[in-house]
Amino acid sequence: MSFIKGIELCHRFHLEFVEPVMAGNYSFLSYSSALMGPGSEVLGYDTEMSTDHDWVPRVYLFLNQLDSGYSEQIQSTLHKQAPKQFYGFLVDIRKSVITTVPRFIESHLGVNKDERLELVDWLTFPSQSLLEITQGEVYRDDNGQLSTLRKQFEYYPHDIWLYLMASSWQRIGQEEHLMLRSGFIGDELGSAIIASRLVRDIINLCFLMERQYAPYPKWFGTAFKRLKCSDQIMTHLWTAQTAVTWREREHALNNAYKHLSSMHNGLGLTEKIPDDVSTFFDRPFKVMNGGEIASLIVNQIEDIDIKQLSQKRLIGNIDQITDNTDFRKMNKWSEGEEECIRKDLKNLFKPSL
């Protein structure tokens with residue numbers, strides 16, 4: 001049995017099993033079929049190791065809202081007719097989900113189907129959850145509902161994009177000199193920890209500048225390698241990550257900042273920023289002054305609410321606020337609870353509170 005990437009295996013599963021079963025038993029229904037949601041195979045990063053759990057031939061079947069009553073019947077039919085193996089891989093029909101688009105969105109983002117999205121809602125969505133909607137592959141889409149969904153969440157609205165980039169520069173500006181100060185007083189461990197945080201923030205900023213959602217930590221570095229800028233910046237980030245002295249970290253990060261500066265200027269969003277680092281006050285440190293760059297980006301935000309938020313709380317989105325996995329998964333908490341929690345989170349982004 002040779003390994004087959006999950007996207008391809010599930011495509012075959014749809015064409016050779018699911019579609020014939022649906023045509024033979026439910027030809028009167030229109031539906032969509034795709035590989036979406038969680039799983040390394042959705043992002044295309046699965047390997048043979050991935051097959052040891054939750055990796056099986058599967059699909060998401062999306063019914064129209066009025067046809068959702070057929071869900072259990074379809075599940076039963078698929079279960080009865082499913083082969084034990086498919087291309088040598090065990091089949092577990094329970095891993096194939098039959099749902100509707102509104103239910104899928106509610107389970108992934110905590111958004112009720114009748115709720116009108118505000119710009120601030122985008123700040124409550126983990127980028128991994130957005131990837132689970134927009135990545136993978138659509139195998140069938142009778143009414144175009146998945147195409148519409150994926151287009152809606154293709155990327156952040158413009159002002160949210162600006163807000164997130166400004167927040168990233170702000171984070172860099174808040175800590176770039178702290179890494180140097182820690183090292184200067186002999187705290188190499190503390191300096192190295194801050195350097196790691198800066199490396200993460202720089203990579204996040206690279207995803208934003210290339211308009212790509214960043215995946216969760218397991219695939220963060222892997223996905224970064226696929227960005228256009230990675231060839232130029234990777235060496236500097238790795239040096240900063242592995243350096244044993246703060247001066248080495250400073251030099252490596254300063255080289256990385258120069259590339260970020262060039263990338264920023266290439267976007268043409270603001271007046272050109274310096275293409276080199278400068279001295280931090282009278283101290284023997286070189287920094288990029290990320291906070292100043294953040295202010296330039298904030299000035300380009302047009303939406304009144306997001307502009308007001310950026311001037312009072314430049315805190316970014318849920319991914320920038322916390323790296324706690326369970327908290328980021330609040331949209332998958334017990335039914336009914338996720339909507340309440342998400343509303344509480346939105347209050348963080350209400351400048352008037």
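This dialogue reads a helix, a sheet and the nonpolar cores of a predicted model.

Reader: Which residues of helix H13 are buried?

Author: Start with the general idea. An α-helix has 3.6 residues a turn, so residues three or four places apart point the same way. Now the case here. H13 spans residues 304–312, and Ile 306, Leu 309 and Ser 310 are buried. Down the helix axis, the buried residues fall within an arc of 100°, so they line one face. The face turned away carries exposed Ile 304, Gln 311 and Lys 312.

Reader: What covers the buried residues of H13?

Author: The cover includes helix H7 (158–184) and helix H12 (290–298).

Reader: Which residue caps the N-terminal end of H13?

Author: Asp 303 does. One of its side-chain oxygens lies 3.1 Å from the backbone nitrogen of Asp 305.

Reader: What is the strand order in the open sheet?

Author: Generally, strands pair through backbone hydrogen bonds, either parallel or antiparallel. In this model, four strands run in the order E5-E2-E1-E6, with mixed pairing. The edges are E5 (97–99) and E6 (137–141), each pairing on one side only. Twist averages 20° from one strand to the next. E1 (31–35) and E2 (60–63) are antiparallel over four bridges. Tyr 31 stands opposite Leu 63 in E2.

Reader: Which helices lie across E1, E2 and E6?

Author: Among them are H1 (residues 6–25), at about 15° to E6, and H6 (residues 145–152), at about 145° to E6.

Reader: Which residues touch the most other members of the largest nonpolar core?

Author: Tyr 156, Ile 202 and Leu 260, out of 82 residues. A second, separate core has 25 residues, including Tyr 31 and Leu 63.

Notes: Residues numbered from 1 in each chain as written. Predicted model: local features only at pLDDT ≥ 70, side-chain atom pairs only at ≥ 80, totals over all residues. Heavy atoms only, no water. Buried < 20%, exposed > 50% of the residue type's maximum accessible area, 1.4 Å probe, protein only. Helix = DSSP H or I, 4+ residues; strand = E, 2+ residues; numbered from the N terminus. Arc of directions from axis to C-beta. Contact = heavy atoms within 4.5 Å. Polar contact = N/O pair within 3.5 Å; in protein donor to acceptor, adjacent residues only side chain to side chain. Core = buried A, V, L, I, M, F, W, Y, C linked by side-chain atoms within 4.5 Å. Pairing = 2+ DSSP bridges. Axes fitted to C-alpha atoms, helices over the stretch in contact; angles between N-to-C directions.
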